[in-house]
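Student: I've just opened this one and don't know my way around yet. Can you walk me through it?

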Amino acid sequence: MSKIAKFRIYQSAKTPKKQQWEDSLRGKLEVKHQIRTDTINDLENFSQDLQHISLVVESIQNNYQVLLTENSRLKSTLLELVDDCYCWKGNRCEKCQKILKSLAPETTRKKLNTAQEYEEILKQLRKLG
Ligand SMILES: [Zn+2]
C-alpha cells in the first residue's frame, strides 16, 4: 500500500464523516460571516464617502451662493453708475455702453458685436462710395 493511501485511511479513521460534515459546515458559516462583515465594512466606508461628498457639495453650493450674491451686487452697482450718468436711455455715452455691454449675457453680447461689425462694414462701404 502506498504512503498516500495509508495516510487517507488514517485520516478518515481519525475524522469520521459526521465530524467532517460539521467541520465543513463551520467553515462555510465562518466564510459567510466574514463576507457579511466585509459587506458591512464596505457599506460603512461607502456611507462615509457619501457624507464627504455631501459636505463638498454643500461647500460648493455655499461658495456659489456667495459668488451669485457678489455678482448681483456688482451688477446693481454698475447699473446705478449708468442710472446716475448724464446720458439717457437710447443715447448712452461710450462708458455706459461699455458697462451695459459687459452686463449683457453672452448671446446678446454676440448679437451686439455682430450689429457693430455690420455697422463698421457699412461705414467702410460708405467711405468707398
Ligand atoms: Zn453715460
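Tutor: Sure. This is a predicted model. The chain has four helices and zero strands.

Student: In what order do the elements run from the N terminus on?

Tutor: They run α-α-α-α.

Student: How much of the chain is made up of buried residues?

Tutor: Buried residues make up 1% of the chain's 129 residues.

Student: Let's take H2. Which residues does it cover?

Tutor: Helix H2 covers residues 17-84.

Student: How far apart are the end C-alpha atoms of H2, and what span should its residues give?

Tutor: The end C-alpha atoms of H2 are 99 Å apart. At 1.5 Å a residue, its 68 residues should span 100 Å, so the two values agree.

Student: How many residues of H2 are buried?

Tutor: Zero, out of 68. H2 therefore lies largely in the open.

Student: Give me one residue there. Is serine 76 buried or exposed?

Tutor: Serine 76, which sits in H2, is exposed. That is because serine 76 has 11 C-beta neighbours inside 10 Å, and a residue counts as exposed at 12 or fewer.

Student: How far is serine 76 from leucine 103?

Tutor: Their C-alpha atoms are separated by 9.9 Å. Along the chain, the two residues are 27 apart.

Student: New topic. At what angle do the axes of H2 and H3 cross?

Tutor: They cross at roughly 155 degrees and come within 10 Å. H3 is the helix of residues 94-103. Angles over 145 degrees count as roughly antiparallel, so that is how H2 lies to H3.

Student: Is the crossing left-handed or right-handed?

Tutor: The crossing of H2 and H3 is left-handed.

Student: Which residues make the contact?

Tutor: From H2, they are Lys75, Leu78, Leu81 and Val82. From H3, they are Cys96, Ile99, Leu100 and Leu103.

Student: How do the residues of that contact divide into nonpolar, polar and charged?

Tutor: Seven are nonpolar, none is polar and one is charged.

Student: Back to cysteine 96. Buried or exposed?

Tutor: Cysteine 96, in helix H3, is buried. Why? Cysteine 96 has 21 C-beta neighbours inside 10 Å, and 20 or more count as buried.

Student: Which residues is cysteine 96 in contact with, leaving aside neighbours within four places in sequence?

Tutor: Val82, Cys85 and Cys87.

Student: And how far apart are cysteine 96 and leucine 78?

Tutor: They are 8.9 Å apart in space, C-alpha to C-alpha. In sequence, cysteine 96 and leucine 78 are 18 residues apart.

Definitions and conventions:
Residues numbered from 1 in each chain as written. Predicted model: local features only at pLDDT ≥ 70, side-chain atom pairs only at ≥ 80, totals over all residues. Helix = DSSP H or I, 4+ residues; strand = E, 2+ residues; numbered from the N terminus. Expected span 1.5 Å × (residues − 1). Axes fitted to C-alpha atoms, helices over the stretch in contact; angles between N-to-C directions. Parallel < 35°, antiparallel > 145°, perpendicular 65-115°, else oblique. Left-handed = near helix turned anticlockwise from the far one by under 90°. Contact = placed C-beta atoms within 7 Å. Nonpolar A, V, L, I, M, F, W, Y, C, P; charged D, E, K, R; others polar.
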